[in-house]
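Visitor: Zoom in on one part of this structure for me, please, and then show me the empty spaces around the rest.

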Amino acid sequence: GSGQESARLFGRGSESRSCKLLMLLLFPLFWVVSKIRCRWYWFHLAMQFGFLYRELQVILYYYNLDHQWHWQVVAAHGSIWLAFLFVCWECWRFSAIRDSCTSAEAIDQVLDMVLLPVNYGFFCSLCVRILVLQSDHQNRSLVSALMESADIWEAWALWSVLELFVRVVDTNASRDARRANDADYQRFIEHFKGLSLQGVKLWIFILTLTIAFNVLMEGAVSLMAPTLCFSLYKECESCEEWYSSHYKLAASSVLYILCCFALVFVFTFERMFQEYLHDIKPVWKFWGVKGVVSVTYFQYLVLCYGLRLSDADATLWHCLLCCIEMPLLSILHATKAYPCGENEEWVIELLNSCAPPSEPKGGQEGHLDEGDRERDGDEAQDRELELRTAATAAEVEAGVAGDDGGN
């Protein structure tokens, strides 16, 4: 009996030592996991890394088939990897500021613009790979849908720019002592802000619906059900041809008009409230997105009508040039539009906009809290009372002097 008891106690001691040893070994892993904070932008960049790695595998597969490198594919894919590295570096720098900010939403709006080069560029590199390595009719029909899908990212970035401007204007206008009691001005800001936001949102909504319909017709119906339009319309016309002749031109015209209106809304908002937006340097932020919209559109027109390239060649060169331009755009973001650093003037202004409206913006004229406004109001009333008293005393003295002269 005593032997069995000793064996049982020895077994318990061994289990206890094993548990302690296991906990000691797993503690560093638990500590590392506890320090990891899941952030949406890291998750997004991880997905982009997976997509780019898959593209690399596809390119290597075609290289193993014909043992030939295509410089267009190498240049496009290499440029996007370079833009990806720049964007990761910029997100890393902003992550520290985002964790210390009282409202992460403002930094998230900045990250929407910072991620634009790698998001837009990935679609362009995908189109280059399709046009060079898989240039059959079905795949070429997908290229226009892919390029239009990339436009959603630049539309989203433009919306984020406007939201950033609205946030700063709202905060600074609420702290401006000159406009604190001006109900008409506050109402004007509210109405114009709503008009600008609704205009940009309308463009994004119609753009998304149009691109979804385009992808459905050219990417799904024309490949999986090529005889659907023959059955529906009883005409010798495929769904791709029906879409091009009845819908595509009108949709492109409407989207171009709405895009112009959206740009005008953002530009006008920035010019009208420049006194409140001056510290965040809005010009570079606006042109960082507007440049993508304008350059990509007019670049394609120059290739088609200026150089008179065929549609396939113009699309290939357009996508290739866009890929090469994305690293340059990411450098522009990192150095001019969104330079990161806690001592950057625009970052300080943005962090001030995260604070509650009742808090003062220290060290800047024209932005006072409620206590300062009340003290200024009391001082103004005291000065006005002193002036009235002095004026009354002067009138009395003048009257007495007149009476003495008459006597």
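**Around helix 11**

Guide: Start just past the end: helix 11 is followed by arginine 308, which has a positive phi near 55°. What you're looking at is a predicted model, so to speak on probation: local features need pLDDT of at least 70 and side-chain atom pairs 80 or more, while totals for chains, interfaces and linings use all residues. Residues count from 1 along each chain as its sequence is written, and side-chain values use heavy atoms, with hydrogens and water left out.

Now hop to the other end. Helix 11 spans 282–306, and the loop between helix 10 (274–277) and this helix holds lysine 281. (Helices here are DSSP runs of H or I, at least four residues, numbered from the N terminus.) Lysine 281 isn't a glycine, yet its phi is positive too, about 55°. Go along the helix to lysine 290 and you'll find a bend of about 30°, taken as the angle between axes fitted to the seven residues ending there and the seven starting there.

Helix 11 also helps to line a pocket, the second largest, holding about 160 Å³ of space. (On a 1 Å grid over the protein atoms alone, a pocket is an open set of points with protein on both sides within 12 Å along at least five of seven lines, a cavity is a set where a 1.4 Å probe fits but cannot get out, and lining residues have an atom within 4 Å of a point; volume is the space filled by probe spheres set on the points, which are joined across faces, edges and corners.) Helix 11 is the top contributor to this lining, with six residues, and helix 12 also supplies at least two. Along the wall you meet Trp287, Gly288, Gly291, Val292, Val295 and Thr296, then Glu325, Met326, Leu328, Leu329 and Leu332.

The same helix turns up in the largest pocket, whose volume is about 1500 Å³. There, 43 residues make up the lining, and Tyr297 and Tyr300 are among those nearest the centre, along with Glu148, Lys248 and Ser252. Helix 11 shares the job of giving two or more residues with helix 5 (116–133), helix 6 (137–174), helix 7 (183–224), helix 9 (239–272) and helix 12 (311–337). The biggest giver here is helix 9, with 13 residues.

On to the enclosed spaces. Searching the whole structure turns up two cavities of 30 Å³ or more. The largest cavity has a volume of about 60 Å³, and its lining is made of Ile59, Tyr62, Tyr63, Gln68, Trp69, His70, Val73, Val74 and Leu133. Helix 2 and helix 3 each put in at least two of those residues, with helix 2 providing the largest share, three. The loop between helix 2 (40–66) and helix 3 (71–100) is also home to histidine 67, another non-glycine with a positive phi, about 50°.

The second largest cavity comes in at about 30 Å³. Its lining residues are Phe86, Val87, Glu90, Val114, Pro117, Ser330, His333 and Ala334. The elements that give two or more residues to that lining are helix 3 and helix 12, so you've come back to a neighbour in the numbering: helix 12 also helps to line the second largest pocket along with helix 11.
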